[in-house]
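Subject: A structure to look through

Dear colleague,

I am handing over the structure we talked about, and my notes on what was found in it follow below. Please keep the sequence and the 3D view open while you read.

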Amino acid sequence: MALLHISNLRKDYVDPDGVARTVIDIPSFQLEAGRQVALAGRSGCGKTTFLNLISGIATPDQGSIQLDGRELVGLSDAERDRLRANEIGYVYQRFFLLEGYSALENVLLGMMFGPGPDRALARGLLERLGLGDRLNHRPHQLSIGQQQRVAVARALANRPKLVLADEPTGSLDVQNAEEALKLLRGLCEEEGAALLLVSHDAHLLATFDTRLDLADLNRASVGGPA
């Protein structure tokens, strides 16, 4: 049985002219436990919307999203929040680190919404990501690449079954992007987490054995929100 099973998923948005547009219309999608898959797609094709639907940040207009056998569609806001905190890690292109807190505190705060803060685990993740000497540094004291590593540690801190990554290297230069991707994939493999990464970066996509294109999955017309 697939870890993630999606069927007949649809999401519409109303554009500024008041016209309803279908952004996501995916008949079927599956992701097995521990699998790493890259999903290509140009800007504006619905990649972020797709990830937000899977994570429960957005709700579909119709369809089914099952994670580890549990149906997400129809859950209350609080139930979706709890499931996301415990089962899903999300690596955003914009890191969303809290400036008033250290690297370690940012990871610990992310753990507050799941099983609870585990200082040893948070510290260990940051050390594995090469940030053992930056635990008490605040985001503005870290390089962009170091901030990305904190975001990766936060996403994996609750030991999720599924990690979603939305253009996770989009803010990085080539060297930092390659290093961040290697660290993300390595940690997912070590923790047994499935990874679904979306990007329009051909170089990044080429590093994955399994690559899909959202345009091949999505019957919706292109042009809605990303």
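In this predicted model, aspartate 166 stands opposite valine 198 in strand 8, and this pair is a good place to begin, since it leads into the strands on either side. Strand 7 and strand 8 (residues 194-199) run parallel and are joined by five bridges. Strand 7 also pairs with strand 6 (residues 88-91), again in the parallel sense, and here four bridges join the two. If you look for a matching pair of residues there, you will find isoleucine 88 opposite leucine 162 in strand 7.

How many residues of strand 7 (residues 162-166) are buried? Five of the five are, so strand 7 is largely enclosed by the rest of the structure. It helps to recall that side chains in a regular strand alternate between the two faces of the sheet. In strand 7, Leu162, Leu164 and Asp166 lie on one side while Val163 and Ala165 lie on the other, and as all of these residues are buried, both faces are covered.

The next part to look at is an open sheet of four strands in the order 2-1-4-5, in which the pairing is antiparallel. Strand 2 (20-31) and strand 5 (70-71) stand at its edges, and each has a single partner strand, so one side of each is left without a neighbour in the sheet.

You can follow this sheet from one edge to the other. Strand 1 (residues 4-14) and strand 2 run antiparallel and are joined by ten bridges, and within this pair isoleucine 6 stands opposite phenylalanine 29 in strand 2. These two strands form a hairpin with five residues between them, where glycine 18 takes a positive phi near 85°. Strand 1 also pairs with strand 4 in the antiparallel sense, over five bridges, and there leucine 4 stands opposite leucine 67 in strand 4. Strand 4 (residues 62-67) in turn pairs with strand 5 over two bridges, again in the antiparallel sense, with glutamine 66 opposite glutamate 71 in strand 5.

Helix 1 is worth a separate look. Eight of its nine residues are buried, which leaves this helix mostly covered, and the buried residues include Phe50, Leu51, Leu53 and Ile54, as well as Lys47 and Asn52. After the helix comes glycine 56, whose phi is positive, near 90°. Is asparagine 52, which is found in helix 1 (residues 47-55), buried or exposed? Its relative accessible area is 18%, and because the cut-off for buried is under 20%, asparagine 52 counts as buried. Leaving aside residues up to four places away in sequence, asparagine 52 touches Ile57, Ala58 and Tyr90.

Arginine 138 makes a useful second case, and it is found in the loop between helix 4 (119-128) and helix 5 (144-156). With a relative accessible area of 40%, arginine 138 is partly exposed, because that value falls between the cut-offs of 20% and 50%. When residues up to four places away in sequence are not counted, arginine 138 touches Glu99, Gly100, Tyr101 and Ser102. The C-alpha atoms of arginine 138 and alanine 215 are separated by 40 Å, and these two residues are 77 residues apart along the chain.

Finally, here are some values for the chain as a whole, which has eight helices and nine strands. A compact globule with 226 residues would have a radius of gyration near 17 Å, and the chain has 17 Å, which agrees. The C-alpha atoms fill a box of roughly 50 × 35 × 35 Å, taken along the principal axes. Of the 226 residues, 50% count as buried, and the accessible surface comes to about 10800 Å², of which 47% belongs to carbon and sulfur atoms. Among contacts between residues at least 6 apart in sequence, 73% join residues at least 24 apart. As for charges, the chain has 24 positive and 29 negative ones, and their mean positions are 2 Å apart.

With best wishes

Terms used: Residues are numbered from 1 along each chain as its sequence is written. This is a predicted model: local features need pLDDT of at least 70, side-chain atom pairs count only at pLDDT 80 or more; totals for chains, interfaces and linings use all residues. Side-chain values use heavy atoms; hydrogens and water are left out. The radius of gyration is taken over C-alpha atoms; the globule rule is 2.2 Å times the number of residues to the power 0.38. Buried means under 20% relative accessible area, exposed over 50%, partly exposed in between (1.4 Å probe, protein chains only). Contact means heavy atoms within 4.5 Å. Accessible areas come from the Shrake-Rupley method with a 1.4 Å probe; for residues, only the protein chains shown count as cover. Lys and Arg count as positive and Asp and Glu as negative; His and the chain ends are not counted. The place of a charge is taken as NZ of Lys, CZ of Arg, CG of Asp or CD of Glu. Two strands pair if DSSP finds at least two bridges between them.
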